Amino acid sequence: NMNNAIGRAPVAKLDGRLALGTDGIGSDMFEEARTAYFRLREDDGATGGDWPLARLADSARLAGRLFEEPLLGTLELGAPADLVVLDYAAPAPLHEGSLAGHWIFGLSSRHVRDVMVGGTWVVRDRRLLNVDAAVAVAQARSQAERLWRRLDKPGPPPFAPKGGA
């Protein structure tokens with residue numbers, strides 16, 4: 001919403017009834033959490049540094065309920081086994097009390113080293129295992145060029161009614 005200048009949710013008024021997510025423009029939950037936190041701090045300077053982590057935990061619980069995966073976001077036997085391993089050289093001591101500060105000021109998607117989805121590694125040592133990155137980039141560029149050509153010459157939408165209905 002910030003990119004499109006269309007406003008933002010009144011986060012301070014939602015009293016914890018929200019989930020953090022992304023519409024895909026950046027797909028970086030570290031950055032989404034950081035941006036949401038700083039925007040909230042503009043309205044309420046008393047917001048604690050643990051706010052992003054609490055919202056992410058709430059988001060996992062909400063997704064677990066909606067997708068009928070009660071163990072989503074847990075490391076328990078029978079859980080979906082979605083896991084992210086970070087390669088992060090903490091510049092200050094990292095412990096339970098300092099994790100929020102590291103999340104807000106230190107961690108980012110560049111620290112992601114490995115990703116497991118449903119118990120299967122999909123990223124190892126920063127390399128995609130199930131996708132040829134060069135092919136994916138080439139296809140994305142091709143589709144981006146196609147999209148830009150369409151945006152430069154917009155015609156009637158393909159879903160427009162035909163024949164004066």
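Is D114 buried or exposed? I began with this residue and found that D114 is buried, with a relative accessible area of 1%. I note at the outset that the model is predicted.

**Entry 1: the salt bridge at D114**

I next looked up the charged partner of D114. R113 forms a salt bridge with D114, and the closest N and O atoms are 2.5 Å apart. I recorded R113 as partly exposed, because its relative accessible area is 29% and the buried class ends at 20%.

**Entry 2: the sheet**

I then turned to the strands. I found an open sheet of four strands in the order 1-2-3-4, with antiparallel pairing. Strand 1 (83–86) and strand 4 (127–128) stand at the edges with a single partner strand each, so one side of each has no neighbour in the sheet.

I went through the pairings in turn. Strand 1 and strand 2 pair in the antiparallel sense over four bridges. Strand 2 (residues 112–117) and strand 3 (residues 120–124) also run antiparallel, and three bridges join them.

Which residues are linked to V115 across the sheet? In strand 3, the bridge partner of V115 is V123. On the side of strand 1, V84 stands opposite V115 in strand 2. I kept one general point beside this: in a regular strand the side chains alternate between the two faces of the sheet.

I also examined the connection between strand 2 and strand 3. The two strands form a hairpin with two residues between them. G118 lies in the turn and has a positive phi of about 60°.

**Entry 3: helix 1**

I looked up the length of helix 1. Helix 1 has 15 residues and spans 21 Å from its first C-alpha to its last, close to the 21 Å expected at 1.5 Å a residue. Its buried residues are F30, A33, R34, A36, Y37 and L40. Seen down the axis of helix 1, these buried residues fall within an arc of 165°, so they line one face of the helix.

What covers that buried set? The cover includes helix 2, strand 1, helix 3 and strand 2. At the start of helix 1, I noted that a side-chain oxygen of D28 comes to within 3.0 Å of the backbone nitrogen of F30.

I then checked a charged pair in helix 1. E31 forms a salt bridge with R34, with the closest N and O atoms 3.3 Å apart. The two residues are three apart in helix 1, which means that about one helical turn separates E31 and R34. Their accessibilities fall in separate classes: E31 is partly exposed at 36% relative accessible area, whereas R34 is buried at 12%.

**Entry 4: helix 2**

How many residues does helix 2 have? Helix 2 (residues 51–66) has 16 residues. From its first C-alpha to its last it reaches 22 Å, close to the 22 Å expected at 1.5 Å a residue.

I listed its buried residues as W51, P52, R55, L56, S59, A63 and G64. The buried residues of helix 2 pack against helix 1 (29–43) and helix 3 (99–105). R55 appears again in my notes on charge, where R55, D58 and R61 are linked in a network of salt bridges. After helix 2 comes E68, whose phi is positive, near 55°.

**Entry 5: a salt bridge between loops**

I counted six salt bridges in the model. One of them joins two loops: the side chains of R126 and D87 meet at 3.6 Å, N to O. R126 lies in the loop between strand 3 and strand 4, and D87 in the loop between strand 1 and helix 3, so the pair ties together parts that are 39 residues apart in sequence. R126 counts as partly exposed at 44% relative accessibility, and D87 counts as partly exposed at 39%.

**Entry 6: P91**

Where is P91 placed? P91 sits in the loop between strand 1 and helix 3. P91 counts as exposed because its relative accessibility is 73% and the exposed class begins over 50%. I also noted its separation from A54: P91 and A54 are 37 residues apart in sequence and 23 Å apart in space, C-alpha to C-alpha.

Conventions. Residues numbered from 1 in each chain as written. Predicted model: local features only at pLDDT ≥ 70, side-chain atom pairs only at ≥ 80, totals over all residues. Heavy atoms only, no water. Expected span 1.5 Å × (residues − 1). Buried < 20%, exposed > 50% of the residue type's maximum accessible area, 1.4 Å probe, protein only. Contact = heavy atoms within 4.5 Å. Pairing = 2+ DSSP bridges. Arc of directions from axis to C-beta. Polar contact = N/O pair within 3.5 Å; in protein donor to acceptor, adjacent residues only side chain to side chain. Salt bridge = Lys/Arg side-chain N within 4 Å of Asp/Glu carboxyl O.
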